[in-house]
Amino acid sequence: MKPFMDGDFLLSTQTARTLFHEYAESMPIVDYHCHLDPWEIVSDRKFENITQLWLGGDHYKWRQMRSNGVPEEEITGSAPDRVKFQRWAQTLEMAIGNPLYHWSHLELRRYFGYTGCLNGDTAQEVWDLCNEKLQEDSMSVRNILRRSGVTLLCTTDDPADDLKAHEQIARDDSCETQVLPAWRPDRAIGIGKPDYPDYIGKLSAASGVEIDSFRKLKEALGTRMDYFQERGCRVSDHGVDYVVFAPADEDEVERIFSKRLKGEELLPAESRVFQHAVMMFLGEEYSRRGWVMQLHYGCKRNNNSRMYRQLGPDTGFDCVNNEASASQLSDFLNCMDEKGALPKTIIYSLNPGDDAAVGTIIGCFQDGSVPGKIQQGAAWWFNDHKTGIQAQMTSLANLGLLGNFIGMLTDSRSFLSYTRHEYFRRILCDLIGGWVENGEYPADWKALEKIIRGISYNNAVRYFGFDVPAVEGGKR
């Protein structure tokens with residue numbers, strides 16, 4: 001029997017152990033998509049207790065606590081933090097096979113030095129240990145980032161955001177991690193949302209453009225992209241139900257936009273036409289500016305209406321969707337390619353059944369300009385467990401070039417989530433090490449080092465063009 005989570009955790013062969021310990025383990029982290037609050041980096045926040053840090057906004061944990069019969073009062077309600085932590089500890093011991101079990105214990109080991117197992121019986125000792133540790137300067141958010149080896153991270157920011165936090169961080173030489181904004185224009189595209197006219201007013205105020213037409217909307221978005229670019233933005237991100245291909249002429253798009261600004265409801269087909277038009281405009285802008293376009297889809301959100309009314313979005317009531325059309329995704333990319341305006345693009349589907357479709361579509365639009373111009377994104381959200389990560393990388397290897405993969409992203413609201421990169425790298429090294437041990441790839445250590453260091457860090461640095469150095473290897 002192997003020890004629980006020892007130094008060779010998840011590494012089942014000698015080759016895997018060599019790949020991880022010599023090439024992957026010490027690599028820095030570029031987190032090109034996360035949901036961290038930049039103001040907490042400005043203030044270099046120190047959390048009062050482990051509940052604030054672990055459970056304050058983590059709907060992954062909330063979801064499992066509900067599954068363990070914990071009342072909402074003791075999850076997101078007004079119950080004392082100590083009670084919430086106890087309920088999480090009691091939930092965790094039931095989470096055999098769930099990545100939260102591994103992530104939580106990796107965090108306890110790497111940041112708090114706790115090598116035991118968190119459960120209902122040990123909750124008090126872990127609570128005391130963590131809370132004492134959190135009072136140390138080493139556990140402020142900037143020091144957590146430094147200790148985690150994060151050279152650069154991209155937050156998630158609405159076009160109307162003022163980015164004042166990013167400006168303050170950029171002026172502060174004491175912050176060792178670069179913190180850049182990432183453009184997330186979902187609210188500008190979501191024309192069917194009830195608050196859409198109100199949002200257009202907010203965007204008008206931020207851009208200084210009176211948005212009374214689709215032409216003016218594009219002008220306002222362009223103005224805000226200039227603003228974001230001046231503050232270091234090079235990455236966009238879109239959370240859509242699926243990628244739409246519904247071309248129409250400009251007059252039709254203007255009619256639809258005008259109708260919605262008057263407060264009228266749109267037909268689903270009209271919303272799709274509008275989404276396509278905005279995405280085409282934005283894609284061309286990304287291409288012109290050299291930005292990367294990220295497309296996250298395949299999620300059905302806010303399924304529990306009662307709980308949505310009570311808690312709002314991003315609270316653990318989402319699921320995998322099977323609505324995405326490979327045909328529409330391909331046609332959308334083709335339309336931009338025809339215009340000579342297809343940007344570097346990363347495609348993530350929450351539905352693992354889409355892996356083969358995405359893996360084959362990306363091969364249709366590589367153009368020789370950069371390695372892996374069109375990427376299949378990392379296993380995401382409900383898929384970033386051991387099986388899902390293995391499946392995504394195996395599919396990508398089977399259908400494309402795994403060696404050009406840009407690797408893991410955190411996609412988290414927690415400053416402790418950087419152990420997910422270690423988790424990913426261990427699985428990566430075990431997968432590739434297994435192929436080598438099985439005679440499916442030679443023990444070419446120079447090539448293996450390039451692949452492992454690339455997927456762990458270097459490929460993302462080069463792909464996004466971030467101003468941080470790649471890590472070159474040497475002789476083994």
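A helix is a DSSP run of H or I of at least four residues, numbered from the N terminus.

**Figure 1. Overall fold of the predicted model.** The structure shown is a predicted model. The chain contains 20 helices and 9 strands. Its radius of gyration is 23 Å, close to the 23 Å that the globule rule gives for 476 residues, so the chain is as compact as a globular protein of that length. Along the principal axes, the C-alpha atoms occupy a box of roughly 70 × 55 × 45 Å. Of the 476 residues, 56% are buried. Among contacts between residues at least 6 apart in sequence, 76% join residues at least 24 apart.

**Figure 2. Surface and charge of the chain.** About 19900 Å² of the chain is exposed, and carbon and sulfur atoms supply 47% of that area. The chain carries 53 positive and 69 negative side chains. The centres of these two sets lie 1 Å apart. Side chains of opposite charge can pair when their charged atoms come close. In the whole structure, 28 salt bridges are found.

**Figure 3. Close-up of the salt bridge between Glu449 and Arg453 in helix α20.** The closest N and O atoms of Glu449 and Arg453 are 2.9 Å apart. Both residues belong to helix α20 (residues 445-464), and because they are 4 residues apart in this helix, they are separated by about one helical turn. Glu449 and Arg453 are both buried.

**Figure 4. Close-up of the salt bridge between Asp226 and Arg289.** In this pair, the closest N and O atoms are 2.9 Å apart. The salt bridge links distant parts of the chain: Asp226 lies in helix α12 (residues 214-230) and Arg289 in helix α14 (residues 268-289), 63 residues apart. Asp226 has a relative accessibility of 37% and therefore counts as partly exposed. Arg289, at 13% relative accessibility, counts as buried, because buried means under 20%.

**Figure 5. Close-up of the salt bridge between Lys133 and Glu136.** The closest N and O atoms of Lys133 and Glu136 are 3.2 Å apart. Lys133 is partly exposed, with a relative accessible area of 22%. Glu136 is likewise partly exposed, its relative accessible area being 35%.

**Figure 6. Close-up of a salt-bridge network.** Lys164, Glu167, Glu230 and Arg231 are joined into one network by salt bridges that share partners.

How values were computed:
Residues are numbered from 1 along each chain as its sequence is written. This is a predicted model: local features need pLDDT of at least 70, side-chain atom pairs count only at pLDDT 80 or more; totals for chains, interfaces and linings use all residues. Side-chain values use heavy atoms; hydrogens and water are left out. Helices (H or I, at least four residues) and strands (E, at least two) are DSSP runs, numbered from the N terminus. The radius of gyration is taken over C-alpha atoms; the globule rule is 2.2 Å times the number of residues to the power 0.38. Buried means under 20% relative accessible area, exposed over 50%, partly exposed in between (1.4 Å probe, protein chains only). Contact means heavy atoms within 4.5 Å. Accessible areas come from the Shrake-Rupley method with a 1.4 Å probe; for residues, only the protein chains shown count as cover. Lys and Arg count as positive and Asp and Glu as negative; His and the chain ends are not counted. The place of a charge is taken as NZ of Lys, CZ of Arg, CG of Asp or CD of Glu. A salt bridge is a side-chain nitrogen of Lys or Arg within 4 Å of a carboxyl oxygen of Asp or Glu.
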